[in-house]
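Open the coordinates in your viewer and keep the sequence panel beside them. The tour below moves from one selection to the next and says what to look for at each stop.

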Amino acid sequence: MRAVLKNKIIEVCDKKIASKGENVGVSFYAFFKNKNDDPELLMEAAEWWIKTHQLDHFEKAVKVKAMVVADE
């Protein structure tokens, strides 16, 4: 996974956790704007989320962040 995507996932998870608590869930769409301005990065996130880790549509932000940090 590219560093730009890792950093974005960590940033979004941190913001969600800070505003809504540790039980907040996220999907990989949370890391992108409503318009698809970077389809390659979106597909990279989707592959990591769905194919590589077989995550559910929504997962706890703390879990996703921990997985990304562990991959570093």
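Begin by selecting Leu 5, Lys 6, Ile 9, Ile 10, Val 12, Cys 13 and Ile 17, the residues that are buried in H1. Bear in mind throughout that this is a predicted model. An α-helix has 3.6 residues a turn, so residues three or four places apart point the same way. Now display E1, H2 and helix H3 (61-70) as well, since these are the elements against which the buried residues of H1 pack.

Widen the selection to the whole of helix H1, residues 3-20, whose 18 residues reach 25 Å from the first C-alpha to the last, close to the 26 Å expected at 1.5 Å a residue. Step just past the end of H1 to Gly 21, where the backbone takes a positive phi of about 95°.

The next stop is aromatic. A search of the whole structure finds four aromatic pairs. Select Phe 28 and Trp 49 and look at their rings, which have their centres 6.1 Å apart and their planes at 55°, so the pair is tilted. Phe 28 lies in the loop between strand E1 (25-26) and helix H2 (39-52), while Trp 49 belongs to helix H2, so this pair ties together parts that are 21 residues apart in sequence. Phe 28 counts as buried, at 7% relative accessibility, and Trp 49 is buried too, with a relative accessible area of 1%.

Keep Trp 49 selected and add Phe 31, which forms with Trp 49 another tilted aromatic pair, at 6.3 Å centre to centre and 55° between the planes. Because Phe 31 lies in the loop between E1 and H2 and Trp 49 in helix H2, the pair ties together parts that are 18 residues apart in sequence. Phe 31, like Trp 49, is buried. To see the wider setting, extend the selection to Phe 28, Tyr 29, Phe 31, Trp 48 and Trp 49, which form one aromatic cluster.

Finally, move to Glu 59, which is found in strand E2 (residues 59-60). Is Glu 59 buried or exposed? Its relative accessibility is 11%, which lies under the 20% cut-off, and Glu 59 therefore counts as buried. Show its surroundings and, leaving aside neighbours within four places in sequence, you will find Glu 59 in contact with Val 24, Gly 25, Val 26, Trp 49 and Val 64. Trp 49 thus appears again at this last stop, as one of the contacts of Glu 59.

Technical notes
Residues are numbered from 1 along each chain as its sequence is written. This is a predicted model: local features need pLDDT of at least 70, side-chain atom pairs count only at pLDDT 80 or more; totals for chains, interfaces and linings use all residues. Side-chain values use heavy atoms; hydrogens and water are left out. Helices (H or I, at least four residues) and strands (E, at least two) are DSSP runs, numbered from the N terminus. Buried means under 20% relative accessible area, exposed over 50%, partly exposed in between (1.4 Å probe, protein chains only). Contact means heavy atoms within 4.5 Å. Rings of Phe, Tyr and Trp (its six-membered ring) pair if their centres lie within 6.5 Å; planes under 30 degrees apart count as stacked, over 60 as edge-to-face and the rest as tilted. The expected span of a helix is 1.5 Å times one less than its number of residues.
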